[in-house]
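Here is a short set of exercises to work through with the model open beside you. Try each task on your own, then follow the solution step by step.

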Amino acid sequence: MPLVEVTMIEGRTPEQKSALITEVTDAVERTVSAPRHTIRVAIRELPAENWAIGGRSIAEIRAESQDTDRG
């Protein structure tokens, strides 16, 4: 039973997540010949303030980017 976990920043629509689940399932089924009914996909969403790059949270980076776009 393949289990694929996807971790991403929250904010995608239900339609985007559904499409992701379908595409990941298709890829696993195709590449490892797993029966479709055995494939599990888990999406873990994190708030932007809980994900950091270079010591700054994504929330901080986004806020700075928005300030720059306004100025």
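**Exercise 1. A loop residue and its contacts**

Which residues does E49 touch, not counting residues up to four places away in sequence?

*Solution.*

Before starting, note that this is a predicted model, in which local features need pLDDT of at least 70, side-chain atom pairs count only at pLDDT 80 or more, and totals for chains, interfaces and linings use all residues. Residues are numbered from 1 along each chain as its sequence is written, and side-chain values use heavy atoms, with hydrogens and water left out.

Step 1. Look for contacts, meaning heavy atoms within 4.5 Å. With residues up to four places away set aside, E49 touches S57 and A59.

Step 2. Place the residue. E49 sits in the loop between β2 and β3 (52–53); helices (H or I, at least four residues) and strands (E, at least two) are DSSP runs, numbered from the N terminus.

Step 3. Check the accessibility. E49 counts as exposed, at 52% relative accessibility. The scale here is buried under 20% relative accessible area, exposed over 50%, and partly exposed in between (1.4 Å probe, protein chains only).

Step 4. Take a C-alpha distance. E49 and P35 are 14 residues apart along the chain, and their C-alpha atoms are separated by 38 Å.

**Exercise 2. Two buried residues**

Find where S57 and T25 lie, and list what each one touches beyond four places in sequence.

*Solution.*

Step 1. Start with S57, which belongs to strand β4 (residues 56–57). S57 is buried, its relative accessibility being 11%.

Step 2. Read off its partners: leaving out residues up to four places away in sequence, S57 is in contact with A48, E49, W51 and A52.

Step 3. Move on to T25, a residue of helix α1. T25 also counts as buried, at 10% relative accessibility.

Step 4. With the same sequence neighbours (up to four places away) left out, T25 touches R36, I39 and V41.

**Exercise 3. Salt bridges**

How many salt bridges does the count come to?

*Solution.*

Step 1. Apply the rule: a side-chain nitrogen of Lys or Arg within 4 Å of a carboxyl oxygen of Asp or Glu. The count comes to 5 salt bridges.

Step 2. Take E45 and K17, whose side chains form one with an N to O distance of 3.1 Å. Because E45 is in strand β2 (residues 40–46) and K17 in helix α1 (residues 14–32), this pair ties together parts that are 28 residues apart in sequence. E45 is partly exposed, with 31% relative accessibility.

Step 3. Turn to R36 and E29, where the N to O distance is 2.8 Å. R36 is partly exposed at 36% relative accessibility, and E29 is partly exposed at 31%.

Step 4. Follow that pair further: D26, E29 and R36 are linked in a network of salt bridges.

Step 5. Add R56 and E64, with their closest N and O atoms 2.8 Å apart. R56 has a relative accessible area of 33% and is partly exposed; E64 is partly exposed too, at 43%.

**Exercise 4. An unusual backbone angle**

What is the phi of S33, and where is its place?

*Solution.*

Step 1. Recall the background: most residues other than glycine have a negative phi.

Step 2. Now check S33, which is not a glycine yet has a positive phi of about 55 degrees.

Step 3. Locate S33 in the loop between α1 and β2. S33 is exposed, with a relative accessible area of 62%.

**Exercise 5. The whole chain**

Is the chain more spread out or less spread out than a compact globule?

*Solution.*

Step 1. List the elements: there are 2 helices and 4 strands, and along the sequence they follow the pattern β-α-β-β-β-α.

Step 2. Compare radii. The radius of gyration (taken over C-alpha atoms) is 17 Å, well over the 11 Å that the globule rule gives for 71 residues, so the chain is more spread out than a compact globule. The globule rule is 2.2 Å times the number of residues to the power 0.38.

Step 3. Add the box: along the principal axes, the C-alpha atoms fill roughly 50 × 25 × 15 Å.

Step 4. Finish with burial, where buried residues make up 17% of the 71 residues.
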